Amino acid sequence: MRPKAPADGFSIALPIAAQIEPQLGLGGLAIDAIKMVKRIGHPHRVPGSLPTAAQIIRSISGEFTATDKYYTNGGPKLRGWTNGGMQDHQSTLSRPRSAEVITANGNGTLPNGRHMNGVVTRGPGGLHEDLEFPPTPRTLSKKKQIVWMRPHDMCARPQFRIAPPGTPLTARELPEPVGPGDPSLLAALGCLSQLPRLLERVVPPEQTFDTANGYCGMFKFRFWQWGKWIEVRVDDRLPTRGDRPAHMHCAQPDIFWAALLEKAYAKLYGGYTFLKYGTVGRALQDLTGAVVQSVPPSGPLLGGAVPRSTLLIAISGVEKETKRRRSGLLTEHPYCVTGLARVRANSNDSATHGSGSSGGDTSLIRLRSPWIGGEWGGVWCGAWSERSWEWNALNERDRELLSSRSSNDCEFWMSVNEFLTRFVVIWLAHIGPDDWALEPGLHTRAPWRAALAVRQWRAGFNAGGPHKFIETTATNPQFRIRVPPGHPSKAHVVVAVAQKYECYRSRNYEDEEIGFTIYEVPPGMQRVTPQYVSEQMPLDFAPLSNLREIATFFALPAGDFVVMPHAAQHREGRFLLRIFADQHTDVWEVNEENLVIHNIAAEFCDERTIDARILYKLRARYPHEIDSTQLQAILKAHGGNNRGFRGLGGINCGPSLELCRGMLALRDPALGGRLSIEHVPALIGLMRFWKAAFRRCGPSSSGTATLSRGIWASKVSSYCLRGLLWAGGATASNKVLEALVSRFTRNRQITLEGYLLSMARLHLAHERYHSLDAKAKASPLSLEEMILMTIYS
């Protein structure tokens, strides 16, 4: 039997296209395209062969046009088909379709606020196109002729990285220091080039340009933003000039991790043009998540930071506007500080060479230029350089020891005094303990101990402002630092306060100002009070600055200290507090327990005779049980004329119905909405005691005896609520106090009505919680949860 001839690709592709047309929404264009391909010939078919069905289906989906695509400032532009076929810019087949939108799943990414990285579009060539960061002039920093190209259009075999995972970058993989890339990002990458684990967290090394290993035109990178790592995904369309990336690029032309990283970083900040507003500290923090600060060079600072897990980048100064100094250093160039040493020179050799040390100790510092070898190494060639005569003054053992410590290329020694004169600023990046454990390159240094907290300032509650506002600054969040005795040296402590920021900004400065104040307090003092602030000066403070983060390096002796982060007075916002210490140190947030004294009114009020007289009158006028409306009438009836009800009511004023309902609930365990007439005198005494506390801590009564309408209309600053609660026999935690301020204050003020409601809700929550605890051995709610539920009921 004659074997059956194999079916050609067109006969197989036609029924497949008929099935997928409704799903892709092509409206008959797929079948028409297949017929056209059959008539004019497939542009990518090998001469003399028939295309397969898969090739035909992919061709109508646009996946064979990747090699014909190039980009300009105006966006993507496609070359037309050959042999007289239709032009691609006129065809709807090559346009993005809704069926090709990939949602945030395994191929997506983490949500990142404004950046929706999980939604990407597959372009006509089958490669992903980032619609949120398109190849347009708005994303560029310079208005020059730019051509957008993929790495496959620039070289035959592009590579993402060549070094194996876990190994430092080679010289060929490092970005060129004289390129047009962002200098701040360039300096940060140079510092991380010898810390592979930290760099691989930002630049995942498993990415590739090999289609067989999952290349799809999309690359992912991670950046640290206000306490968490976010993922940014971009396509590999890069701005080029002369077939090379127009911005940051590696020394080896076929390596593209640096160019793609800079594109993701530019997307994070809204475009390449906004990267010029950055700093070395901002780039270091975005890449490491460290606490970053800039300080002028000093010897004690180096001695405290270098031995610990802190990255130091020193920026050289400018000398006579020359790019390279005679000493070999590059001007305004970043150098990594990698070590310190103290040596003692031989006095005979020192005298022979005219040294001024006279056999004394010399402090040395070890630095490394991030760019290994080449013209731009920038290696120091002055005193204590590699071939300087100063090494001859050391004994052989010291020479071998120091030379082994500087075995890396572009690493050199120089004296600390020389360093202090030739460098103008040092950026410190304090690495946290988790990152220290991740990076083996940091294990030779001592790790930091860290504590962090995310809190917020709220107007009327804890937005008290800097220490010059004596009445309100003590309401700021307070964090206790206790340095225990017994350690031979002082504790090195780093305190950093970062405000909530949006990285999608055009400037490096934030709209709000932040700072912090630190007080040394006696061990028995639980909380810094306004009286203590008025009597004591702060140990130190960081003035208000509109920066992302403010950090200060302290050397604290044994004792107790309180850190109070603050913004401008009454300014709301969230903040991240991080405290690092190099030795055992206790850090906690100052907070109070939720307590009430139930019989405090009876201890301060002894009017049993008056209460009996009131009860006799109430029995004659009201029934045995009353509701909240009748209770309100009782409190208002006798105003300022009856001694028993003095100060609780008045004409057209007094307790509201809501307050009366809250007071009634204190003596209504059965939840029946009724109150026994026997409990009214006790409630009156309790309200009288709370009103007296409000009067002592609040406005002056101006000699008014009855305080009928004036006391109910008066207002007190809501920042005084903690003191008001304490005067009324109650304490509240920070969370409960914030809820009370939110519920019962207005415009940062609280009235007597609001204060009484607060006290009533606190007492009610405590009674309900303890009654539940008596009935059940294990209560499903905590006391704080019960109070919060009662406040908002």
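The following paragraphs lead through a predicted model of one protein chain, from its overall make-up to two helix pairs and three single residues.

Residues are numbered from 1 along each chain as its sequence is written, and side-chain values use heavy atoms, with hydrogens and water left out. Because the model is predicted, local features need pLDDT of at least 70 and side-chain atom pairs count only at pLDDT 80 or more, whereas totals for chains, interfaces and linings use all residues.

The chain holds 24 helices and 30 strands, where helices (H or I, at least four residues) and strands (E, at least two) are DSSP runs numbered from the N terminus. Of its 793 residues, 52% count as buried, a term that stands for under 20% relative accessible area, with exposed meaning over 50% and partly exposed in between (1.4 Å probe, protein chains only). Taking contact to mean heavy atoms within 4.5 Å, 74% of the contacts between residues at least 6 apart in sequence join residues at least 24 apart.

A first place to look is helix α8 (residues 280-288), whose axis comes within 8 Å of that of helix α5 (residues 183-192) and crosses it at roughly 50°; axes here are lines fitted to C-alpha atoms, for helices over the stretch in contact, and angles run from 0 to 180 degrees between N-to-C directions. That angle makes α5 oblique to α8, given that angles under 35 degrees count as roughly parallel, over 145 as roughly antiparallel, 65 to 115 as roughly perpendicular and the rest as oblique. On the α5 side, Ser184, Leu185, Ala187, Ala188, Leu189 and Leu192 meet Val280, Ala283, Leu284, Leu287 and Thr288 of α8. The residues of this contact divide into nine nonpolar, two polar and no charged, where Ala, Val, Leu, Ile, Met, Phe, Trp, Tyr, Cys and Pro count as nonpolar, Asp, Glu, Lys and Arg as charged, and the others, Gly among them, as polar.

Nine of the nine residues of α8 are buried, so the helix is largely enclosed by the rest of the structure. One of them, Asp286, has 0% relative accessibility and touches Phe223, Trp224, Gln225, Trp229, Tyr265, Tyr269 and Arg548, not counting residues up to four places away in sequence. Asp286 and Phe223 are 63 residues apart in sequence, yet 5.3 Å apart in space, C-alpha to C-alpha. After α8 comes Gly289, with a positive phi near 75°.

The second helix pair is α17 (residues 628-637) and α18 (residues 657-665), which pack at an angle of about 110° with their axes 9 Å apart, and this makes α17 roughly perpendicular to α18. Their contact residues divide into five nonpolar, three polar and one charged.

Turning to single residues, His333 is covered by the annotation "active site" in an unreviewed UniProt entry; such annotations may be inferred rather than shown by experiment, and their positions are given in the numbering used here, with feature names shortened. His333 is found in the loop between β11 (310-316) and β12 (334-344) and counts as buried at 7% relative accessibility. Leaving out residues up to four places away in sequence, His333 touches Ala314, Ile315, Ser316, Ser369, Pro370 and Trp371.

Gly515, in strand β19 (residues 514-521), is likewise buried, with a relative accessible area of 0%. Beyond its neighbours within four places in sequence, Gly515 is in contact with Ala542, Pro543, Leu544, Ile550, Met564, Pro565 and His566.
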